[in-house]
Amino acid sequence: MKKIVAIALLVFIGALLFTGIYAIDGFPKYGEAKVADRVSEGYIMKNVTEANTDVVYGVSTNLETGSANYVTSIVVNYRSFDTLGEVTVLFVSSLGISLLLGGFSGKLRNRCKANFILRMGSKVVFPLIIMTGVYIFIHGHLSPGGGFPGGSMIASAILLLYLSDEKFRVNIENFKKTESTAGSLYVIIGLLGLVISNYFLSNFINTGTVGALLSAGIIPIIYVLVGLKVGSELTGVITDFLKEEVE
Amino acid sequence: MNSVNIVEVIVAGLLILLGFLAVNSKKMITAIIYLSLSSMLAVLSFAIMKAPDVAITEAVIGSGLITAVFLFTLLVFKKVGDE
């Protein structure tokens with residue numbers, strides 16, 4: 001009886017939402033929204049201060065943001081302060097985990113012995129995963145992805161090593177140093193922008209040609225820093241999870 | 001309705017089905033596997049909706065790291081329960 005009531009309630013609320021949304025004037029149907037009317041054209045044409053001109057891939061030079069990927073140009077250039085906040089949130093959560101689990105001994109929990117296929121396969125796959133992660137955050141301004149997925153991919157490669165070899169340990173001190181250095185450099189780059197062109201985190205380096213690997217000014221630098229920071233942070237979180245409790 | 005693709009409908013239906021199975025499965029381990037499968041399908045639906053950035057993030061975090069963390073937690077629970 002309870003389940004039937006729950007399902008009926010769910011269907012009722014779903015129908016209410018569905019009809020309610022389409023009853024609003026001007027709410028477009030699925031797939032019929034005109035993006036050109038909504039997204040500010042200045043962000044797409046990479047020029048928010050002056051009149052818009054056409055942007056041609058591989059030809060246009062020295063735009064406001066030289067990133068070929070719209071998402072990256074907004075996330076790391078126009079709204080870079082927001083990304084700094086996101087990185088801080090991740091830092092605070094990893095700090096909380098190490099505070100909660102920090103009382104545990106440095107000894108890692110005994111794990112069951114991995115089988116042959118996992119042990120041999122991880123040795124083949126590990127460098128490929130690391131390479132893909134580094135590729136994703138180096139090409140963050142050209143292709144989808146960026147610092148966060150690339151860093152998590154590196155952390156998952158370390159997790160694979162933990163699973164495949166019960167004697168495997170990482171030197172967590174080095175990861176903590178990498179993380180703090182990368183985080184500080186992000187803020188320092190922001191302050192350099194404040195000194196050079198009067199805005200925090202402004203893109204003060206020449207942005208180059210759209211679509212080239214070495215382009216987009218500070219965006220690749222920031223994405224490499226974010227990738228290193230996220231990767232080392234999540235590795236620390238995984239190591240904390242695997243620690244044994246002190247009896 | 002001509003803009004709705006048949007693949008999108010199948011993916012959406014499977015997402016709902018897998019979410020239902022994840023909530024209703026009796027064993028924890030099956031629930032985790034269903035959750036992982038549903039985030040795999042979420043990756044597909046993000047790619048269909050032309051959000052590749054979100055799709056990559058979901059693929060790495062949703063179906064990779066989250067599943068691993070849940071499995072570790074489950075192993076710890078089992079150890080405590082056995083003693």
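**Exercise 1. Does Val9(B) count as buried or exposed?**

Before we start: this is a predicted model, where local features need pLDDT of at least 70 and side-chain atom pairs count only at pLDDT 80 or more, while totals for chains, interfaces and linings use all residues. Residues are numbered from 1 along each chain as its sequence is written, and chains are lettered from A and ligands numbered from 1 in the order in which they are written.

Step 1. Find the residue: Val9(B) sits in helix α1 of chain B. Helices (H or I, at least four residues) and strands (E, at least two) are DSSP runs, numbered from the N terminus.

Step 2. Get the cut-offs. A residue is buried if 20 or more other C-beta atoms lie within 10 Å of its own, exposed if 12 or fewer, and partly exposed in between, with C-beta atoms placed from the backbone.

Step 3. Val9(B) has 10 C-beta neighbours inside 10 Å, so Val9(B) counts as exposed.

Step 4. Now look along the chain: Ser45(B) is 36 residues away from Val9(B) in sequence, yet their C-alpha atoms are 9.9 Å apart in space.

**Exercise 2. Describe how α1(B) and α2(B) pack.**

Step 1. Start with the chain: chain B has 3 helices and 0 strands, in the order α-α-α from the N terminus. Of its 83 residues, 18% count as buried.

Step 2. Take the geometry. Helix α1 (residues 6-24) and helix α2 (residues 28-48) of chain B meet at an angle of about 160 degrees, and their axes are 9 Å apart. Axes here are lines fitted to C-alpha atoms, for helices over the stretch in contact, and angles run from 0 to 180 degrees between N-to-C directions.

Step 3. Name the arrangement. Angles under 35 degrees count as roughly parallel, over 145 as roughly antiparallel, 65 to 115 as roughly perpendicular and the rest as oblique. α1(B) and α2(B) are therefore roughly antiparallel.

Step 4. Check the handedness: α1(B) passes α2(B) in a left-handed crossing. That label applies if the near helix is turned anticlockwise from the far one by less than a right angle; clockwise would be right-handed.

Step 5. See who takes part. Residues in contact have C-beta atoms, placed from the backbone, within 7 Å. Among them are Val11(B), Leu15(B) and Leu18(B) from α1(B), and Tyr34(B), Leu41(B) and Ser45(B) from α2(B). By class, this contact has 16 nonpolar, 3 polar and 1 charged residues. Ala, Val, Leu, Ile, Met, Phe, Trp, Tyr, Cys and Pro count as nonpolar, Asp, Glu, Lys and Arg as charged, and the others, Gly among them, as polar.

**Exercise 3. What is unusual about the phi of Lys50(B)?**

Step 1. Place it: Lys50(B) is in the loop between α2 and α3 (52-82) of chain B.

Step 2. Recall the background: most residues other than glycine have a negative phi.

Step 3. Lys50(B) is not a glycine, yet its phi is positive, about 60 degrees.

Step 4. Lys50(B) is exposed, because 8 other C-beta atoms lie within 10 Å.

**Exercise 4. Which elements cover the buried residues of α4(A)?**

Step 1. Get an overview: chain A has 9 helices and 0 strands, and 30% of its 247 residues are buried.

Step 2. List what is buried: in α4 (residues 70-78), these include Thr72(A), Val75(A) and Val76(A).

Step 3. The cover includes α5 (80-101) and α9 (219-241) of chain A.

Step 4. Compare the axes of that pair: α5(A) and α9(A) pack at about 15 degrees, 9 Å apart. They are therefore roughly parallel, and their crossing is left-handed.

Step 5. Look at the contact: Val87(A), Leu90(A) and Phe91(A) are among the residues of α5(A) in it, with Ile222(A), Val226(A) and Lys229(A) among those of α9(A). The residues divide into 9 nonpolar, 4 polar and 3 charged.

**Exercise 5. How many residues of chain A are in contact with chain B?**

Step 1. Count both sides: 14 residues of chain A are in contact with 12 residues of chain B.

Step 2. Find the main contributor: helix α7 (residues 147-164) gives the most to chain A's side, with 7 residues.

Step 3. Sort by class: that side has 9 nonpolar, 4 polar and 1 charged residues.

Terms used
Contact = placed C-beta atoms within 7 Å.
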